[in-house]
Amino acid sequence: ICGDGGSLLICDGCEGEYHLGCLRPALSGVPEGYWECDECLDKRLLKAREYVITESQLYERISSNGKKRKSEEIPNDGNDT
């Protein structure tokens with residue numbers, strides 16, 4: 001906390017305390033509903049990134065230099081014109 005005093009916004013992720021004016025960009029009012037600080041959002045983003053890299057096949061397709069695997073190739077119906 002900056003030490004300036006005033007009303008605080010509490011992060012729903014970590015319960016960190018933030019002044020609306022100290023956030024970048026500053027907020028003009030208290031957001032409705034669930035709100036997370038940048039640190040919590042970064043953690044969720046990194047967790048999602050890790051999932052894509054380790055668990056999904058999406059990363060495998062992207063990391064293969066754009067080459068499609070045989071199962072992803074468009075079948076040829078024999079009507080090439």
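In this predicted model, Lys43 pairs up with Glu39 in a salt bridge, and their closest N and O atoms sit 3.6 Å apart. Both partners are exposed. They lie 4 residues apart in helix H1, which covers residues 38–55, so about one helical turn separates Lys43 from Glu39.

A search through the whole structure turns up 2 salt bridges. Besides the Lys43 pair, there is one that links the side chains of Arg44 and Glu36, with an N to O distance of 2.8 Å. Here the two partners have quite unlike surroundings: Arg44 is exposed, at a relative accessible area of 51%, whereas Glu36 is buried, at 10%. The labels follow because buried means under 20% relative accessible area and exposed means over 50%.

Glu36 is not on the list for the largest nonpolar core, which is made up of 6 residues: Leu9, Cys11, Leu23, Trp35, Cys37 and Cys40. Take Cys40 from that group. Once its neighbours within four places in sequence are set aside, Cys40 is in contact with Cys11, Gly13 and Cys14. Of these partners, Cys11 turns up in the core as well.

Zooming out, the chain has 2 helices and 2 strands, and reading from the N terminus they come in the order β-β-α-α. Of the 81 residues in the chain, 11% are buried. Among contacts with a separation of 6 or more, 14% join residues that are 24 or more positions apart. The accessible surface adds up to about 7,100 Å², and carbon and sulfur atoms account for 51% of that area.

Two spots in the backbone also deserve a look. Most residues other than glycine have a negative phi, and most peptide bonds are trans. Glu15 goes the other way on phi, with a positive value near 65°. This residue is in the loop between strand S1 (9–10) and S2, and it counts as exposed, with a relative accessibility of 62%. The other spot is the peptide bond between Arg24 and Pro25, which is cis, with omega at about 0°. Pro25 belongs to the loop that runs between strand S2 (17–18) and H1. H1 is also the helix that holds Lys43 and Glu39.

Notes:
Residues numbered from 1 in each chain as written. Predicted model: local features only at pLDDT ≥ 70, side-chain atom pairs only at ≥ 80, totals over all residues. Heavy atoms only, no water. Core = buried A, V, L, I, M, F, W, Y, C linked by side-chain atoms within 4.5 Å. Buried < 20%, exposed > 50% of the residue type's maximum accessible area, 1.4 Å probe, protein only. Contact = heavy atoms within 4.5 Å. Salt bridge = Lys/Arg side-chain N within 4 Å of Asp/Glu carboxyl O. Areas by Shrake-Rupley, 256 points an atom, 1.4 Å probe, with all protein chains shown as cover.
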